[in-house]
Structure formats: C-alpha cells, structure tokens
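Student: I am new to this structure and would like a close look at a single part of it, the open sheet of three strands. Could you take me through that part slowly, after placing it in the whole?

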Amino acid sequence: MTDRKLYTIDEAKNLSITDIHRLYKDFVNPNQTDIFSLLPFGNDTFETAEGVYLFSSGGKKILDFTGGLGVLGLGHNHPKILEARINFQKEKRLEVHKIIFSKYLAALSSSIASLLPSNLKKSFFLNSGAEAVEAAIKISYKSFKSKKKFILYSNKSYHGKLIGSGSISGSYKIKNQFPEMQNCEDFKFNDPEDLESRILELENKGGVYAIVIEPYSASLLESCSNEFIEKLFALKRKYKFKVIFDEVFTGFFKSKKMFYFQNFNTFSPDIICLSKTLGGGKSSISCLVIDDQTYNEAYGKISDTFLHTTTYNGFAEESVTALAALNILANSNFQSNVIKLADLITHKLKELNSKHSDKIEEIKGNGILNGIIFKSYSTRIAELFEKFPSKFIKDKSFFLKKITATAISSELYSKYNILTAINDSTFSNHLCVSPSLIINESDINYFFDSLNNTLNSNLDYKSIQLILKFIKSKI
C-alpha cells in the first residue's frame, strides 16, 4: 500500500515507471495498471510530444499512430494551438465568469455555425462527447413538452459511458450493472425496415421524441447507408421526432469531409454532437449545435433560460483553443492534404491485404478512420488460448482475432517504435489505422513497411501469454 502524499510538480515530473505503476494501482485503477504494464508501451514513461511523435525518458522516439483515439486530429502540441493558449495566458485574459459575456464563446459559436448547414445555429459547449449527447437527449425530450416518451438508438452504437449516454449505447454493456434511463429502445443497425417497425410499435405507447445515430461508426468502421438515411428522414417528416447525429469522433475531416453526414447530400439533423478534434489536442471541450426551431421549442421561454448550464460552459481558454483549431481545419489546403493522405492509406491497406490475404480477414474504413481484422493465423496464440476458460468468452473466434491484433500491436511497438490501438468496442476486434490528420507520407510509409515486416515474421507472444494469464485470474 502506497502512503498518501502531496506531490510537487517537480516531484511528479520525476516519477519513475515503477512509481507510476504503484500510484496508479493504489489511487487510480488496479486492473488497468496490471493490463497496461504487461504491454510494452506500459513500461515506458513519456516526457514530451510533438506532431505525431512521443519521446520517452529512455530516449525512444515513438510514432503515435493512434490519433489519440480521435482527440489528436491536429497531433500533439500543434504550434498554432500552443501559441493561442500561451498568448491567452500571458495577456491574463478573462477565464471564466458565468454572469458576463465572453467574446470567445460568441466567436466560437458563430464559427462552428459557419461550417454547418444553415439550420444548425445555436451552440452549447460542454467538456465531453458524452455530455453533449446527454444535453441533446434533454433538449429533444423537452422540445415536445414532455409529451413523447421514447428515444431510439442503434443496437451497435457508442455514445458515452454516463447513465444517459450509456443507456443509448448498444456497444456499452450498461444492463444489470448500472441504473438505466427509462424509455430507451434500440433498432437494428442500418436497418430501415426495423427502424420503421420500432417507431410504429412505440407510436401507440407514447411516441418517439428522438433518434440518435452515428452517421459513421468509429467503432464498427461502418456507415449508415443512403437508403437508411433517406428512410430516417422520411419517417421524421411523418412522425415528427428529432434526429441527433453523433459526430463526436468522426467530425472534422476524418472521413475526407468536414462532417461525415455531408456524404448524405441534403440531409441535415436537428442536433449534432461534436468533440475530440475540436479541442485541438489541448482542450477538453465538446458542443451540440441545434436548429432554432428545436431550441425555441425547448428553451425559448424566459423561465427555461438556465435549464441547461454548467460551470465550465464555454471556458474562455478552451474556446480560444477550439477557435484556433477550427481556423487550422477550415483552411482549404488542410482539407486537400487530408484527402491526399487518406487516399494513400487506402492504397497501402489494399496493397497490404493483397500481400497477406492469408493473415488478413478484412480491411475496413473510410478516410483517415480505418482498421485491419486479422485472421487468428497464429498456431501459438491458439495454443495459449486453449488453456483459457473459454466458457467465459461468447465468441472464441472473435476473441482470438482481437488477441492476434494485440500481439501485432505489441510487436509494432517493441521492434519499430510505433504505438497503435485496438478498438475496445463489444463489436470490434480490429487494429486501428487512424493516425492524426497531420501525419505525413513518410510516416505512413514507415508504418506500413513495419506492419508488412511484422506479418512476415514470427510474433513474440510473451505479452499475450501474460495478458491471458491475468484475465484468467480475474474471471
């Protein structure tokens, strides 16, 4: 047991990896500590970061190919983001005050609206994507004067881990573990017929006030079809519910367009939820943008003015950071470069698949968001798994592929100094190929050359053996 201690900043900066493991285990998350410390990246400490690189205390230069799980669209410590924040601090700008106007929040709201269809106008700023989703639920429900009862969501979806957002996340196992928000019903992912039947079923039980979807699922690496979206909006016209698009992960050019829903021509939601890249990699900020009609229906009365506010709503430095990020993203040259890099990644994925069709089951993705599902081609992994109490694993084949991807990820880090991520969704088992939008052609080529070499070699199974042993001891 670690003694509690008040650390100075200098003391924190000088913690060793052993110290960090010990403190995490006692004061943060013991199981996470045990799992991560079994993986090669879990035994390094990182001192600085710039662009798409991490620099460890041991002198390693690590290519970060994770994209920060959606947060690092602009990479680590983008110079223009740093400049905006440093100047804000040097000038001692007003940070937070809820009863006076903020010029930065005002400018950010207009800037976001300028990037969206004309119906999406009013913004509300929060800290996380899950909070934006919860705010979207509230405003949708209230816009019908509490007369409609149900919200519909996809059975394969992820909207956050709060009680409300978790209740409408098909990929998050909230049932029987946490309280659930009432009147949340699911439909089959991307199935227009099932969607319609569910709406009809609920129409006589109180009606549907909102349908929330991810136009492109970053977990599944799959998109809603044009047919589904057309049906969704036809049903909206008939049954008068609100449409919420969750683009927390996929917004800001990850699909080669500013927002994925722009692939669906003229269709625009009543509410859109945004975050991650919006914060420029330095700010925890999210927002929902709402059309005037929905806003007025829900919060138009003077008595409703403060029904949804937070202490940290539109923190000035966070707003400045987001404003700087939007100005980088809105540059036409930035979009052109992202399209070029996304096309290169697509080409490299196809090339890799052709070379290793015996080891790759499927390539999935769009734009900068991609993944590789590997066949469980390793006899050694299968042998290790045979000793595992597989009655606790619903889909042995699925789990084996996830473990295979983990072994490959470990190899990329150990031998080639590349940090990658494995998607942790219930319905996903791919190695993520989703780097920051600022990555260059040379780094992409290095990643694929390294992955090709890894697939041509024998994997080191030490980390996987330890992980399986750890999981076995916990179930």
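Tutor: Helices (H or I, at least four residues) and strands (E, at least two) are DSSP runs, numbered from the N terminus. Counted in this way, the secondary structure of the protein comes to 16 helices and 16 strands. Residues are numbered from 1 along each chain as its sequence is written, and side-chain values use heavy atoms, with hydrogens and water left out. The model is a predicted one, in which local features need pLDDT of at least 70 and side-chain atom pairs count only at pLDDT 80 or more, while totals for chains, interfaces and linings use all residues.

As for the whole, the C-alpha trace spans about 65 × 55 × 50 Å along its principal axes. The radius of gyration, taken over C-alpha atoms, is set against a globule rule of 2.2 Å times the number of residues to the power 0.38; for 475 residues a compact globule would come near 23 Å, and the protein, with 23 Å, agrees.

Now to the part you asked about. Strands of a sheet pair through backbone hydrogen bonds, either parallel or antiparallel, and here two strands are said to pair if DSSP finds at least two bridges between them. The open sheet of three strands follows the order E13-E14-E16, and its pairing is antiparallel. Strand E13 (360-366) and strand E16 (431-433) stand at the edges with a single partner strand each, so one side of each has no neighbour in the sheet. On average, neighbouring strands of this sheet are turned by 20° against each other, direction ignored; the axes behind such angles are lines fitted to C-alpha atoms, for helices over the stretch in contact, and angles run from 0 to 180 degrees between N-to-C directions.

Looking at one pairing in detail, E13 is joined by six bridges to strand E14 (residues 369-374), and the two run antiparallel. Within this pairing, Gly365 has Asn370 in E14 as its bridge partner.

A helix also belongs to this picture: helix H15 (residues 441-455) lies across E13, E14 and E16, and runs at about 5° to E14, where contact means heavy atoms within 4.5 Å.

For a comparison elsewhere in the chain, four strands form another open sheet in the order E1-E2-E3-E15, with mixed pairing. Its edge strands are strand E1 (46-50) and strand E15 (418-419), each pairing on one side only. Inside that sheet, three bridges join strand E2 (residues 53-56) to strand E3 (residues 61-64), which run antiparallel, and Leu54 stands opposite Ile62 in E3.
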